[in-house]
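Okay, thanks for squeezing me in, everyone. I just want to walk through a few local features, so let's get the picture up.

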Amino acid sequence: MKKWLVFLSIVLIISIPLSACNNTPEKVRIAEVTHSIFYAPLYVAMAEGFFEEEGIEIDLQTTWGGDKTMTTLLSGGADIALVGSETSIYVYSQGSNDPAVNFAQLTQTDGTFLVSREKIDNFEWSQLEGSTFLGQRKGGMPQMVGEFVLKKHEIDPKNDLKLIQNVDFANIGSAFASGTGDYVQLFEPQASIFEKEGRGHIVASFGTESGKVPYTTFMSKESYINKNEETIKKFTAAIYKAQQWVEENDSATIAKSIAPQFEDTELDVIEMVVERYKQQDSFATDPILDEEEWENLQTIMKEAGELPKHVDYETLVNTKHAKEVIKK
């Protein structure tokens with residue numbers, strides 16, 4: 001009997017640290033292309049404990065630009081990238097043996113706004129003709145959507161206005177503030193901050209004009225997804241919980257949740273931006289990237305002359321885990 005008690009004690013002593021190890025959250029490294037209120041559901045998942053519920057600890061880094069974000073992902077500096085879907089097409093077209101695969105969608109419209117230097121009460125897109133337009137980086141989704149929308153309104157971006165595209169993504173706002181351009185294409189919260197400070201005026205939304213696209217998605221190398229299917233599934237589940245939470249809560253509640261991510265932005269501005277994105281359905285309500293959105297993306301890329309080649313939906317989109325978490 002004593003021998004059994006000793007044996008049982010040893011088993012319990014050994015099992016305690018093993019149990020503790022099993023409860024240790026798994027660290028997942030995310031590289032985000034920029035830090036924006038546009039990505040509110042991601043920050044909600046962090047703030048409201050949805051990742052923690054899934055046993056995941058997030059290590060978030062901002063890599064400022066699609067090229068830098070993809071380099072970080074492909075070189076092993078991150079497990080998951082949050083970036084425009086077009087980058088996965090660029091990588092694939094270069095003959096990658098381990099392509100970046102889109103597995104969960106976060107935003108479903110363009111997130112930029114057209115900001116005018118002067119106040120315009122009744123804006124018409126034709127007013128851009130002959131102006132200087134400070135656009136986004138060439139080859140990126142914001143620039144392609146910007147040109148797509150201009151063409152939609154019968155404006156030739158190469159001939160009907162002076163298009164500036166040689167300013168780094170992080171410096172576009174400061175370039176406009178210093179006097180460059182009559183109009184600028186800006187993300188939030190910079191657009192709303194400029195408007196509040198009287199530096200510019202929001203006159204139109206590129207997201208409303210362009211329709212639904214897989215604008216920002218979570219992607220990972222195919223090899224990582226294949227080796228870490230349970231991790232991808234848990235990560236996607238946390239994102240889905242956050243997407244539903246954002247859908248069900250008002251802008252004021254969402255703003256308070258994500259405010260710690262934007263310490264230099266006033267709470268009323270965060271709320272204003274969230275409301276603007278909610279009104280135009282920018283936040284995806286589930287993580288599934290559907291085929292219609294994928295084809296719309298490639299139409300926009302082709303129109304901009306930036307589509308290397310058409311890529312089938314099944315090649316770079318994996319909805320397996322997104323569909324599984326939604327069924328639960």
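**Charge, a cis bond and some positive phi**

Let's begin with Glu-291, which is partly exposed, with a relative accessible area of 41%. Keep in mind that this is a predicted model. That 41% matters here because a residue needs over 30% relative accessible area to join a patch. And who is in the patch with Glu-291? Asp-290, Glu-292, Asp-312 and Glu-314 gather with Glu-291 in a patch of negative charge on the surface. As for secondary structure, Glu-291 is found in helix 14, which covers residues 291-303.

Right, now the loop that comes before that helix. Asp-281 is found between helix 13 (267-279) and helix 14. Its phi is near 55°, so you get a positive value in a residue other than glycine. Buried or exposed, where does Asp-281 fall? Partly exposed, since its relative accessible area is 45% and that class runs between 20% and 50%.

There's another positive phi to show you. Trp-64 has phi near 50°, and again this is a residue other than glycine. You'll find Trp-64 in the loop between strand 2 (56-62) and helix 4 (66-74). With 43% relative accessibility, this tryptophan counts as partly exposed too.

Last stop, the backbone at Pro-189. Which way round is the peptide bond from Glu-188 to Pro-189? That bond is cis, with omega near 5°. Pro-189 lies in the loop that links strand 8 (183-187) to helix 8 (190-197).

Okay, that's my tour, happy to rotate the view if anyone wants another look.

Note on methods: Residues are numbered from 1 along each chain as its sequence is written. This is a predicted model: local features need pLDDT of at least 70, side-chain atom pairs count only at pLDDT 80 or more; totals for chains, interfaces and linings use all residues. Side-chain values use heavy atoms; hydrogens and water are left out. Patches are made of residues with over 30% relative accessible area and no salt bridge: like charges are joined within 9 Å, nonpolar side chains (Val, Leu, Ile, Met, Phe, Trp, Tyr) within 5 Å. Accessible areas come from the Shrake-Rupley method with a 1.4 Å probe; for residues, only the protein chains shown count as cover. A salt bridge is a side-chain nitrogen of Lys or Arg within 4 Å of a carboxyl oxygen of Asp or Glu. Lys and Arg count as positive and Asp and Glu as negative; His and the chain ends are not counted. The place of a charge is taken as NZ of Lys, CZ of Arg, CG of Asp or CD of Glu. Helices (H or I, at least four residues) and strands (E, at least two) are DSSP runs, numbered from the N terminus. Buried means under 20% relative accessible area, exposed over 50%, partly exposed in between (1.4 Å probe, protein chains only).
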